[in-house]
Amino acid sequence: MADKELAKVYEPQAVEEKWYATWEREGYFHAEATSDKPAYSIVIPPPNVTGALHMGHALNNTLQDILCRWKRMSGCNVLWMPGTDHAGIATQNVVERQLAGEGRDRHELGRAAFIDRVWKWKGESGGQIIGQLKRLGASCDWERERFTMDEGLSRAVREVFVRLYEEGLIYRDNRLINWCPRCHTALSDIEVEHEEKAGHLWHIRYPVAEEPARFVVVATTRPETMLGDTAVAVHPEDGRYADLVGKTVLLPLVNRKIPVVADDYVDREFGTGVVKITPAHDFNDFEVGKRHNLDRINIFDESGFINAAGHQYEGLDRFAARKKIVADLEEQGLLEKIADHALAVGGCYRCKTVVEPYLSLQWYVNVGPLAKRALAAVKEGRTRIIPQQWENTYYDWLENIRDWCISRQIWWGHRIPAWYCDHCGETTVAKVDPSACSKCGSANIRQETDVLDTWFSSALWPFSTMGWPDRTPELATFYPTSCLVTGFDILFFWVARMMMMGLHFMDEVPFRDVYIHALVRDAQGQRMSKSKGNVIDPLTVIDQYGTDAFRFTLAAFAAQGRDIKLAEERIAGYRNFANKIWNASRFCLMNLEGFDPDAVDPATLEFSNADRWILHRFNAAATETREALEAYRFNDAAGALYRFTWSEFCDWYIELVKDDLYRGDASRQQSARYVLWLVLEHLLRLLHPFMPFITEEIWQALPGTRPTPTIMTAAWPVPNPAWDFADGAAEMELVMEVIRGIRNIRGEMDVAPSREIAVILNCGSEASLRLLRKNEVYVMSLARLSDLAIGTGLDKPADAAIQVAGDVEIAVPLKGLVDVEEEEKRLLKEIGKLEKDEEFLAKKLRNPSFVERAPADVVEKEREKLAEALQKKQVLQASLEKIRRLR
């Protein structure tokens, strides 16, 4: 391909649009169902069809894309399976809000018409996040995109439900669940968002029935639920109440007798040591009620209003009932006190309505037998959880697992394939809609109106997306998947359930590795939220800084087990990195004009010390990057690439090679051009998984024949043994150390970079003497010298500033170079400023109220500032001593 000139300034948007369209059009993301290449597969955590790209999505999908692009370049047949989740409650709420805007509701439309309306909304507005993922550069196999309600996945859901039911693992029962009084549906624990709020603890007197003059005091945060109390409980070893166990108390306001029971659940230290037991409205009380055979009295209807069981309070909203009950208790002298009490209030994740524990007839999965296999798979190492610290959380959840409520009282979702017979009462569960009861043959049957929890279909995602229950080529090739990248918040709700379902229906784990990434927080470490106004919109920063800079930022801060503190300045910093790559590449291309790497025989080239050094350092960077990616240490991989690109290739090699390019003979120029092209081409491939767009644009502009049409499918660079120039690299390091030493003296003495100076190098050995004479041109050029003396036993002026590099003493004569009086004034001024900073910081850190009350990271930053001030002062004082010796 002919040489191509890069634009003077990198404009990300046009480049990103061009290359993504090309990649997708040419099918470079597509995986082969069968292939001789080793398989590598990832299933995307399916975002909600209602969703928009947020920082969690951006981090999660960037890390997945890095893995997929790396493995694709490493010769694997890569399937990154994309798709979206139907998100039952969330999607239904979106469409219901639309209807409300039209003055209608779903009941007016009827179920079938409402479902049609949701499908219409999905076709027109749903799935915008897919386009946003493409902007992020996600190299998913979009030809295989799935949706949790599409025909194939719906078939898989039915198959699983029926099999589990036939195995006795799915059943229906009247139990306590999280209930949203507004959405009128059960909710999973993850669909309940808890928020710390100021509340109260009401202390209520319950008279002892057998001793009218005596009462016990219970403390509650929800006095309205007392209408459903069926006991009070004390700890069996609490001597204060031992004589009451077995007696009864009168439930205030309704005067129903309820027993006093003894149970270990009671915390003797909380409140009065006596607790009210309301089995129909508290999860812990439900378990206590089972142990003591207590009645379950449901006092609410589906909308959170008091029902007939609430006697005189029937018809009141739960919060209105609370106020009335408290007022009545006070009036009857049964309210002892009200204390302030902070509590975590659970709200529906969609409508924010306060959730109620609610007794309801629901469908459940008995997950105990499934959990045992999921536990064993991780303990036996068949699936690794990374970082390993999350294994204990996974174990804890599965070892204390409760049966899973899978029914939801909404219309959008997989309708439960169960039919009730109104003739004989039998329930028919079937893969295909039946026309008659399976027991009596009556046609008088009606389907269950509930739908399945969204997580039920998501739990099948790794195999349902590949065509199960059919035994497809994709399943044979790509299952188990290689890796799952996800957040810790769904380790149980999704990951553990996929493990259970995968093992049960595929008899194999769904993934070999589970990488758990941390949260993206703001610069102060706070969780991003709209209410705090600290949300950074990924699409906004992509527009401003470019996708590559944004992706590299996320990878650079993705340290295992540590949340990412993200600020826009950091993204701006990595935009500068992208610009550095662009400008360095422009320099290379300008110097490679007319150069044909295909015509060069590397065996005929004589590499310089600089050439050997950069090739050796590239090997090290390639090794470090690969090892970091294999261990899911994305930040270490990004760090290795950043250091090599900026510090070693751009700041050192490009500067070192300029003399060879501009003033070297034909042979030297040829070697320099070849190594410049070679390293840049390999570096672009190494960077590609992190920064796909800029690397493709530059790679396509390089001279020479490309073995593949896109960098996406070019080979991932591996260390080349022929480039292991350990000795040559060590020699070059000494030359660079000498240059750094001269630069340090310049900096300490505040000598302008443009001013040329004279330097004396006293070598301690013949080897260093030969080396420095051979590389004299590099020292003269990069240290900006007017004169350089290299030898052994050379005299040095008394007024010289001294540095040491290996066995080489560097002497810079200062006479005439520095205005002693002015430099002394400058240094004293700088030292004085640092002493003030030191005094202020030390005083602050001696103040106990600051150290004890301020956040730990703030205190640590102040300590770092103090250490930095002390270090700077020490350097300046040493420079001051040198200056004063010149007097």
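The following legends describe close-up views of a predicted model.

**View 1. Helices H19 and H20 pack against each other in a roughly antiparallel arrangement.**
Helix H19 spans residues 609-630 and helix H20 spans residues 634-663. Their axes come within 8 Å and cross at roughly 170°. Because angles over 145 degrees count as roughly antiparallel, H19 is described as roughly antiparallel to H20. On the side of H19, the contact includes Trp613, Ile614, Phe618 and Leu629, as well as the charged-class candidates Asp611, Arg617 and Glu624. On the side of H20, the contributing residues include Phe634, Leu641, Phe644, Phe649, Trp652, Tyr653 and Leu656. Sorted by class, the contact of H19 with H20 holds 16 nonpolar, one polar and six charged residues.

**View 2. Strands S19, S18 and S20 form an open antiparallel sheet.**
The three strands follow the order S19-S18-S20. Strands of a sheet pair through backbone hydrogen bonds, either parallel or antiparallel. Strand S19 (427-429) and strand S20 (445-447) stand at the edges of this sheet. Each of these two has a single partner strand, so one side of each is left without a neighbour in the sheet. On average, and with direction ignored, neighbouring strands are turned by 30° against each other. Strand S18, residues 418-421, is joined to S19 by three bridges. One residue pair to locate is Tyr420 with its bridge partner Thr427 in S19.

**View 3. Helix H7 lies across the sheet of S18, S19 and S20.**
Helix H7 consists of residues 151-166. The helix runs at about 130° to S19, which is one of the edge strands of the sheet.

**View 4. Strand S11 pairs with both S9 and S10.**
Strand S11 covers residues 256-262. With strand S9 (residues 231-234), S11 pairs in the parallel sense over three bridges. Val234 has Ala262 of S11 as its bridge partner. With strand S10 (residues 248-251), S11 runs antiparallel, and four bridges join the two. Here Val249 is matched with Ile258 in S11. The hairpin of S10 and S11 has four residues between the strands. In this hairpin, Leu253 takes a positive phi near 75°.

**View 5. A salt bridge joins Asp65 and Arg551.**
The side chains of the two residues meet with an N to O distance of 2.7 Å. Asp65 belongs to helix H2 (residues 55-73), whereas Arg551 belongs to helix H17 (residues 547-556). The pair links distant parts of the chain, with their positions 486 residues apart in sequence numbering. Both Asp65 and Arg551 are buried. This salt bridge is one of 56 counted in the model.

**View 6. Asp543 and Arg135 form a salt bridge between helices H16 and H6.**
The closest N and O atoms of the pair are 2.8 Å apart. Asp543 lies in helix H16 (residues 538-545) and Arg135 in helix H6 (residues 128-135). The two residues are 408 residues apart, and their pairing links distant parts of the chain. Asp543 is partly exposed, with a relative accessible area of 46%. Arg135 is also partly exposed, at 29%.

**View 7. Lys324 and Asp328 form a salt bridge within helix H9.**
The N to O distance between the two side chains is 3.1 Å. Both residues lie in helix H9 (residues 318-331), four residues apart, about one turn of the helix. Lys324 is partly exposed, with a relative accessible area of 41%, whereas Asp328 counts as buried at 11%. Beyond residues up to four places away in sequence, Asp328 touches Leu253 and Tyr313. Leu253 is also the residue with a positive phi in the hairpin of S10 and S11.

**View 8. Glu211, Arg214, Asp243 and Lys247 are linked in a network of salt bridges.**
The view shows the four residues of this network, two of them being Glu211 and Lys247.

**View 9. Lys774 of helix H24 is an exposed residue.**
Helix H24 spans residues 766-774. Lys774 has a relative accessibility of 58% and therefore counts as exposed. Lys774 and Ser608 are 166 residues apart in sequence. In space, their C-alpha atoms are 9.8 Å apart.

Technical notes: Residues numbered from 1 in each chain as written. Predicted model: local features only at pLDDT ≥ 70, side-chain atom pairs only at ≥ 80, totals over all residues. Heavy atoms only, no water. Axes fitted to C-alpha atoms, helices over the stretch in contact; angles between N-to-C directions. Parallel < 35°, antiparallel > 145°, perpendicular 65-115°, else oblique. Contact = heavy atoms within 4.5 Å. Pairing = 2+ DSSP bridges. Buried < 20%, exposed > 50% of the residue type's maximum accessible area, 1.4 Å probe, protein only.
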